[in-house]
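Colleague: Could you walk me through this model, one feature after another? I am new to it.

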Amino acid sequence: VAATLGCAPAPTPATVQVPAQPPPPAIPAAARVPSPATATSASASAPVPPCQDALECVSLGEAAKAESGDYTRPPAVLEERRLRALAYFRQACKLRDGKGCALAAEAYASHPACLAAYALRACDLGELGSCAAAANQLYFGRGIAKDLARAASLLKRACDGGVLGACDTLGLKPAQMLAIKD
C-alpha cells in the first residue's frame, strides 16, 4: 500500500513498479488541499479551500469532479479541477474515509500501483466494491505483486457483502449468491 497513500510505492515486495508507466501526477500547489491545521494560515485567495472532515472532503471532491466531467482520463491530460477532485479524495482517504479512498482509486485508473493502493485501503475501510477492484489488481499483478489467494479472499469478501460482480467473477450462480446472503 502506498506510503501515507501519497501514492509513492511502498518499499515492500507487495508492490511492483511498472517501468513503462509514467509517474503518477503530482498535485500542483494550486490544487493541494491544506490540512485543517494549516488552514488558518492559508490565504483567502487559496484556490482549494481546506476541508475540515472526510465527508466535506468527499463532497468538495465530487463537486470538483462534476465540474470537470469524466476525470478518469490519463493523468497527463488531467485538468485543474480533476486534480482538485483527486486532492480532496486523497485528503478524505487520509482521514480514513472509505469512499474517499475508492474515489481516489478510480481517479488513478491509469496508474496501477496507485489504483491498487487506494482500492486496498478503501476495501480495508469497508468499501466492498473496492475489494473487487483490488482483487482484480492482485489477480493480474497490476501495480502490485500477483497474489491469487489474496485476490480470491477479497472477491469472496465483496461477494459476501453483496457485490454481485464479485460473485460472478468467483463463478457463483444466482442461487449460490442468495445462499451466501443467508
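Modeller: Gladly; we will go through helix 4, the aromatic pairs, a surface patch and the salt bridges. This is a predicted model, where local features need pLDDT of at least 70, side-chain atom pairs count only at pLDDT 80 or more, and totals for chains, interfaces and linings use all residues. Residues are numbered from 1 along each chain as its sequence is written, and side-chain values use heavy atoms, with hydrogens and water left out.

Colleague: How many residues of helix 4 are buried?

Modeller: Helices are DSSP runs of H or I with at least four residues, numbered from the N terminus. Buried means under 20% relative accessible area, exposed means over 50%, and partly exposed lies in between (1.4 Å probe, protein chains only). In helix 4, ten of the 13 residues are buried, so the rest of the structure largely encloses this helix. Among them are P112, C114, L115 and Y118.

Colleague: What covers the buried residues of helix 4?

Modeller: Contact here means heavy atoms within 4.5 Å. The cover includes helix 2 (80-94), helix 3, helix 5 and helix 6 (148-160). After helix 4 comes G126, with a positive phi near 100°.

Colleague: What span should helix 4 have, at 1.5 Å a residue?

Modeller: The expected span is 1.5 Å times one less than the number of residues. For the 13 residues of helix 4 that gives 18 Å, and the end C-alpha atoms are 18 Å apart, which agrees.

Colleague: How many aromatic pairs does the structure hold?

Modeller: A pair of aromatic rings is described by the distance of the centres and the angle of the planes. Rings of Phe, Tyr and Trp (its six-membered ring) pair if their centres lie within 6.5 Å; planes under 30 degrees apart count as stacked, over 60 as edge-to-face and the rest as tilted. The structure holds two such pairs. Y108 and Y118 are stacked, because their ring centres are 5.6 Å apart and their planes are at 20°. This pair links distant parts of the chain: Y108 sits in the loop between helix 3 (98-107) and helix 4 (112-124), while Y118 is in helix 4, ten residues apart. Both Y108 and Y118 are buried. The other pair, Y139 with F140, is edge-to-face, at 4.8 Å centre to centre and 80° between the planes.

Colleague: Which residues form a nonpolar patch on the surface?

Modeller: A patch is made of residues with over 30% relative accessible area and no salt bridge; like charges are joined within 9 Å, and nonpolar side chains (Val, Leu, Ile, Met, Phe, Trp, Tyr) within 5 Å. Accessible areas come from the Shrake-Rupley method with a 1.4 Å probe, and for residues only the protein chains shown count as cover. Here Y139, F140 and L148 form the patch, with about 320 Å² of accessible area together. F140, in helix 5 (residues 128-140), is partly exposed at 44% relative accessible area.

Colleague: Where are the partners of the salt bridge between K99 and E62?

Modeller: Side chains of opposite charge can pair when their charged atoms come close. A salt bridge needs a side-chain nitrogen of Lys or Arg within 4 Å of a carboxyl oxygen of Asp or Glu. K99 and E62 meet at 3.1 Å, N to O, with K99 in helix 3 and E62 in helix 1 (residues 54-68), 37 residues apart. K65 and E106 also form a salt bridge, at 3.4 Å; K65 is in helix 1 and E106 in helix 3. D160 and K156 come to 2.9 Å, and both lie in helix 6, about one helical turn apart.

Terms used. Helix = DSSP H or I, 4+ residues; strand = E, 2+ residues; numbered from the N terminus.
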